[in-house]
Amino acid sequence: MAIRKIDWNLISEDMSTTGAKKKFEKKVDENLYKFKLKNGESTVLIRFLPQAIDDIDLPYAELKRHDVTINGKYSGEKCPQSNGGRSVPCPYCEYGTKNFYGGEKELGKKFFAQSNWYVNILVVNDLNTPENNGKIFVLKIGKTIFNKIKAKQNPSEEDKAMGIKGVNVFDYVDGINFKLKIVGKMIPDKANPGQNVEVPNYDNSSFADAPSPISLGGKALTEDEINEKIETKLIPLKPYLVDGVKDYDKLVASLERLVGSVSSGSKASSSSSDALVDSKYDNSNGVFPLPSDDASDDDFLKKLRGDA
């Protein structure tokens, strides 16, 4: 029997890289829509789409994140309540709630989660990047656009009294196009105190005047074209909620790197004396609303009383 030969080149190649510091490569999500600014602006006509079959229940995925900077230290974590609701314990939420209702309102607010939403879109006409036309992407939106969707989907009582009817913006036939107007805006960078970062501003975005069937190139898509070009290419949104979410104990460790010791055990195994928050502050069962950054103390009190 022939003596087995050892692949010298393979071993040499491996040994030459063993112990070497690997080059960091930032993971790029090719599904996310990326706008291109020209002269500081971008205008894109899009259509909001429904969720993929067998994905989440709604056409949009709400991702809650904790982005906190304390004494020059930054932490960014996905909130586990994004996928499971307020029944899922989160040490960041608990710590923020304890401080807010314990008299340290400004400190508490820093730890509350902020929401972004992920939704499938069809690019109808991208003026700056026409090669995107006809393609499906996931668009990450904040409160500005989400509130515009809410207002179009569910008009206020005043609007209803004026004869304004709601529009199912995600519908293929009865939906409505949306003009995405993007302007670059500089804001303080939470991850790097003292520095600014450019972010998109969507204040001037708006819906079209009237609902219309989904179309491309000015031509309404047929049922077969919708199934072929849209339905089969919708991008699952659930991964944006569940990927990278840490368990309770790991989130506690992350929190403690910012503020020091906060708990001596996991949520599941801790005694009542070990819990991060007293029962009167614990929001794990959703008894009272968590405050948001842009609400006043009076707004919070109204919600607590049930007046809002």
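Biologist: Does Asn39 count as buried or exposed, and at what relative accessibility?
Modeller: This is a predicted model, and the answer is computed from it. Asn39 sits in the loop between α1 (8-17) and β1. The cut-off for exposed is over 50%. Asn39 passes that cut-off, so the residue counts as exposed, at 83%.

Biologist: What is the phi of Asn39 near?
Modeller: Most residues other than glycine have a negative phi. Asn39 is not a glycine, yet its phi is positive. The value is near 55°.

Biologist: Where is Asn71 found, and what is its phi?
Modeller: Asn71 is found in the loop between β2 (60-70) and β3 (73-78). Asn71 is exposed, with a relative accessible area of 78%. Although Asn71 is not a glycine, its phi is positive, at about 50°.

Biologist: Which strand pairs with β1, in what sense, and over how many bridges?
Modeller: Strand β1 covers residues 41-48. Its partner is strand β6, residues 177-188, and Thr43 has Lys181 as its bridge partner there. β1 and β6 run in the antiparallel sense, over 7 bridges.

Biologist: How many bridges does β6 form with β7, and how many with β8?
Modeller: β6 pairs with strand β7 (residues 196-201) in the antiparallel sense, and Lys185 stands opposite Val199. β6 also pairs in the antiparallel sense with strand β8 (residues 206-207), where Ser206 is the bridge partner of Lys179. The counts are 6 bridges with β7 and, with β8, 2.

Biologist: How many of the residues of α3 are buried?
Modeller: Helix α3 spans residues 91-101 and is mostly covered. Its buried residues include Tyr92, Cys93, Tyr95 and Phe100. Of its 11 residues, the number buried is 9.

Biologist: Which residue with a positive phi follows α3?
Modeller: The phi of this residue is near 110°. The residue is Gly103.

Biologist: How many aromatic pairs does the structure hold, and what is the geometry of Phe100 and Phe112?
Modeller: The structure holds 13 aromatic pairs. In one of them, Phe100 and Phe112 are 6.1 Å apart, centre to centre, with 65° between the planes. The pair links helix α3 to the loop between α4 (105-110) and β4 (114-126), 12 residues apart. Planes over 60 degrees apart give the class, so this pair is edge-to-face.

Biologist: Which residue lies over the face of Phe100?
Modeller: Phe100 is buried, and so is Phe112. A charge counts as over a ring if it is within 6 Å of the ring centre. Here the distance is 5.4 Å, and the residue is Lys105.

Biologist: How are the rings of Trp117 and Phe146 arranged?
Modeller: Trp117 is in strand β4 and Phe146 in helix α5 (residues 143-153), 29 residues apart in the chain. Both Trp117 and Phe146 are buried. Ring pairs also link them into a cluster with Phe48, Tyr60, Phe170, Phe178 and Phe207. The centres are 4.0 Å apart with 5° between the planes, and the arrangement is stacked.

Biologist: Why is Cys79 not bonded to Cys93, and how many disulfides are found?
Modeller: A disulfide needs cysteine sulfur atoms within 2.5 Å. The closest cysteine sulfur to that of Cys79 is in Cys93, at 3.7 Å, so the two are too far apart for a bond. Cys90 is in no disulfide either, and its nearest cysteine sulfur, that of Cys93, is 3.7 Å away. Over the whole structure, the number of disulfides found is 0.

Biologist: What is the relative accessibility of Cys90?
Modeller: Buried means under 20%. Cys90 therefore counts as buried, at 1%.

Biologist: How many salt bridges are counted, and which residue does Arg65 pair with?
Modeller: The count comes to 6 salt bridges. Arg65 is partly exposed, at 26% relative accessible area. Its partner is partly exposed too, at 24%. The closest N and O atoms are 3.0 Å apart, and the partner is Asp67.

Biologist: Which residue meets Lys160 in a salt bridge?
Modeller: The two lie in helix α6 (residues 157-161), 3 residues apart, about one turn of the helix. Residues three or four places apart in an α-helix point the same way, because there are 3.6 residues a turn. Lys160 is partly exposed, at 45%. The N to O distance is 3.7 Å, and the partner is Glu157.

Biologist: What is the closest N to O distance between Lys219 and Glu225?
Modeller: Lys219 is partly exposed, with a relative accessible area of 48%. A salt bridge requires nitrogen and oxygen within 4 Å. Lys219 and Glu225 form one, at 3.9 Å.

Definitions and conventions. Residues are numbered from 1 along each chain as its sequence is written. This is a predicted model: local features need pLDDT of at least 70, side-chain atom pairs count only at pLDDT 80 or more; totals for chains, interfaces and linings use all residues. Side-chain values use heavy atoms; hydrogens and water are left out. Two strands pair if DSSP finds at least two bridges between them. Helices (H or I, at least four residues) and strands (E, at least two) are DSSP runs, numbered from the N terminus. Buried means under 20% relative accessible area, exposed over 50%, partly exposed in between (1.4 Å probe, protein chains only). Rings of Phe, Tyr and Trp (its six-membered ring) pair if their centres lie within 6.5 Å; planes under 30 degrees apart count as stacked, over 60 as edge-to-face and the rest as tilted. A charge sits over a ring if NZ of Lys or CZ of Arg is within 6 Å of the ring centre and within 35 degrees of the ring normal. A salt bridge is a side-chain nitrogen of Lys or Arg within 4 Å of a carboxyl oxygen of Asp or Glu.
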